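Work through the following exercises on charged side-chain pairs, keeping the structure open beside the text. Each task is followed by a solution that goes step by step.

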Amino acid sequence: HNPTAKGYVSLHTNLGDLNVELHCDLAPRTCENFIELCKGGYYDGVGFHRSIRNFMVQGGDPTGTGRGGESVYGKTFADEIDPRLRHDGRGVLSMANSGKDTNGSQFFILFKS
């Protein structure tokens, strides 16, 4: 099932909780992937493996190398690009990938615009 409204997830980290609003109405497969991975405990105990000062923090790779992780659909899934979704503000969460249509489990969160 693909969600059609906003979704909400609370990520519990060793530095505190991050409450995330997901645009399931604009990126349903991407949100379903993230929500299902969260619900299934996929991210439990998985740290952030990459941090770029004044830009973003990246996590979601159970190997901790930045090269691992799979989606709930199998290895990877296609991009869902919508011009209403922008990477222009603190707290924006997006899937991290290694090129077109290579989304898996990794994600990043922006620090500031």
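A residue is called exposed when its relative accessible area is over 50%, buried when that area is under 20%, and partly exposed in between. The model used here is predicted.

**Exercise 1.** Classify lysine 100 by its relative accessible area, and then treat its salt-bridge partner in the same manner.

Solution. The relative accessible area of lysine 100 is 68%, and because the cut-off for exposed is over 50%, lysine 100 is exposed. The partner is aspartate 101, with the closest N and O atoms 3.5 Å apart. Aspartate 101 has a relative accessible area of 29% and is therefore partly exposed.

**Exercise 2.** Determine whether each member of the salt bridge between arginine 84 and aspartate 82 is buried or exposed.

Solution. The side chains of this pair meet with an N to O distance of 2.8 Å, which satisfies the criterion of within 4 Å. Arginine 84, at 60% relative accessibility, counts as exposed, whereas aspartate 82, at 13%, counts as buried.

**Exercise 3.** Explain which parts of the chain are tied together by the salt bridge between aspartate 25 and lysine 6.

Solution. Begin with the contact itself, in which the two side chains meet at 3.7 Å, N to O. Aspartate 25 lies in the loop between strand 2 (16-23) and helix 1 (28-39), while lysine 6 belongs to strand 1 (residues 6-13), so the pair ties together parts that are 19 residues apart in sequence. As to accessibility, aspartate 25 is partly exposed at 39%, and lysine 6 is partly exposed at 36%.

**Exercise 4.** State how many salt bridges a search of the whole structure finds.

Solution. The search finds 5 salt bridges, among them the pair of lysine 100 and aspartate 101.

Methods:
Residues numbered from 1 in each chain as written. Predicted model: local features only at pLDDT ≥ 70, side-chain atom pairs only at ≥ 80, totals over all residues. Heavy atoms only, no water. Helix = DSSP H or I, 4+ residues; strand = E, 2+ residues; numbered from the N terminus. Buried < 20%, exposed > 50% of the residue type's maximum accessible area, 1.4 Å probe, protein only.
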